[in-house]
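Here is a short tour of one structure, written to be read with the model open beside you. Take a moment to find the sheet strands before reading on.

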Amino acid sequence: MQLGVFLPIANNGWMISTNAPQFLPTFDLNKSIVQSAERFGFDFALSMIKLRGFGGQTRFWDFSLESLTLMAGLASVTERIELIGSVPVLAIPPAITARMATTIDSISHGRCGINIVSGWQKAEYDQMGLWPGASHYERRYAYCAEYVSILRELWTTGRSDFRGEFFEMNDCRMEPMPQASIPIVGAGQSDAGTAFAAECCDYNFCSTSGVNAPQSVAPKVAKLVAAAEAIGSPCKALVLTMVVAAATDAEAEARWQSYRDGADVDAMEFRETQSSLDPNKDVNATAARWRRSQAEHPNTGQGIMIGSYERVAGLLDELAEIEGIAGIMLSFDDFPNGMEAFGTEIQPRMKSRASIVGAA
Ligand SMILES: Cc1cc2nc3c(=O)[nH]c(=O)nc-3n(C[C@H](O)[C@H](O)[C@H](O)COP(=O)(O)O)c2cc1C
């Protein structure tokens, strides 16, 4: 089972609360997290791209670094961990992304991956005059599919003459080609997002939901596995979950309660307004999921494992045993302390990571 970390590229990570650690995203913070991850045997790190925050009292995600630039920097201060950067397909032409990824491949000696971000938040792109209009909600994965075709053509042949509905390449050249194959990652939760991932990606993220509910992700993983099997695709499921852990259950639960007490409702309201612009009524879509969970969960929608180190290790093992899961990506309420506690207290208690701990 692979293990990854969702890097804190934007302020305050993933907890939308005045009582959560308040921090700005810096290269130094991300460097220290990714180097700890590498020390604890993590397999990959992913940074998101976010171009417009949610405001509110905490100015949630109003401060955010750029993903591929960050990964290029991290590539030069790490040795083994795979680095997955996120690309806003509406803002960066595919031939430029192909070249940036090849540059990270060169800096990292073959450790680059690319997360394809279709764009669900109108405000991010509208502010730059790049929002294609409401039709994008319906057509965003068709756009992504063409985008990925061009990336793969350039990476494997150095050329593209792709002709599609959204892109036209004219004897486009891109050399050198990357030294290692660059995995493509999708992160859509809707049926359309799953279908896109099965067809075009090497991995798709499925998000857990609720509190201490590893099984919540099982239907989504099964849906992806079935979609991939139906077309003979190698696409595999990765799972995202947050960890709020402490020495005792009571301590961890008290921390969680304090985040709920301090929920930044204005930032959550802005996020809600943005997500509800998507008319997609699919119950698996992010917009619908957020509406269901936001009242009790002041985080960005992902499920949370809360409790003592022992309890969280057991919950993560239960997650790892779900059929079809290739890896788990973690976020933390408190990144520096959470990562250290994971490496020293949680991972050594995990059966699914016994080989890693043994090797260390
Ligand atoms: C692990 C993970 C990473 C994501 N990264 C980004 C990102 O970098 N930028 C972004 O705008 N959305 C990101 N998303 C959101 C998805 O890319 C997708 O746009 C969102 O789930 C809405 O699409 P859907 O309606 O198909 O679920 C991420 C989601 C997950 C679970």
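How many of the 11 residues of strand β9 are buried? This is a predicted model, and in it 10 of the 11 residues of β9 are buried, leaving the strand mostly covered. β9 spans residues 236-246, and it makes a good starting point for looking at its partners.

**Strands that pair with β9**

Let us begin with β8, which pairs with β9 in the parallel sense over five bridges. Along this pairing, Tyr203 stands opposite Lys236 of β9, and Asn204 stands opposite Ala237 of β9. Ala237 also stands opposite Ile325, a residue of strand β11. β11 covers residues 325-332 and runs parallel to β9, with seven bridges between the two. Strand β10, residues 304-308, is likewise joined to β9 in parallel, through five bridges. In that pairing, Ala246 of β9 has Ser308 of β10 as its bridge partner.

The parallel pairings can be set side by side:

| Strand pair | Sense | Bridges |
|---|---|---|
| β7 and β8 | parallel | two bridges |
| β8 and β9 | parallel | five bridges |
| β9 and β10 | parallel | five bridges |
| β9 and β11 | parallel | seven bridges |

**A closer look at β8**

Why is β8 described as largely enclosed by the rest of the structure? Five of the five residues in this strand, residues 203-207, are buried, so the rest of the structure largely encloses it. Tyr203, Phe205 and Ser207 point one way from the strand, whereas Asn204 and Cys206 point the other way, and all are buried.

On the β7 side, strand β7 (residues 184-186) pairs with β8 in the parallel sense over two bridges. Here Val185 stands opposite Tyr203 of β8. To get from β7 to β8, the chain passes through helix α6, residues 191-200, in a right-handed β-α-β crossover. Tyr203 is thus worth a second glance: it stands opposite Val185 and also opposite Lys236 in β9.

**The nonpolar core**

Now turn to the largest nonpolar core, which holds 115 residues. Within this core, Val5, Phe42, Ile114, Ile116, Leu316 and Ile346 touch the most other members. Helix α5, residues 135-157, supplies the largest share of the core, with 10 residues.

Phe42 is a handy residue to centre on. Setting aside neighbours within four places in sequence, Phe42 is in contact with Leu3, Gly4, Val5, Ala37, Arg80, Ile81, Leu330, Met339, Phe342 and Arg353. One of these contacts, Val5, is also listed among the core residues that touch the most other members.

Terms used. Residues numbered from 1 in each chain as written. Predicted model: local features only at pLDDT ≥ 70, side-chain atom pairs only at ≥ 80, totals over all residues. Heavy atoms only, no water. Core = buried A, V, L, I, M, F, W, Y, C linked by side-chain atoms within 4.5 Å. Buried < 20%, exposed > 50% of the residue type's maximum accessible area, 1.4 Å probe, protein only. Helix = DSSP H or I, 4+ residues; strand = E, 2+ residues; numbered from the N terminus. Contact = heavy atoms within 4.5 Å. Pairing = 2+ DSSP bridges. Right-handed = clockwise from strand over helix to strand, strands pointing away.
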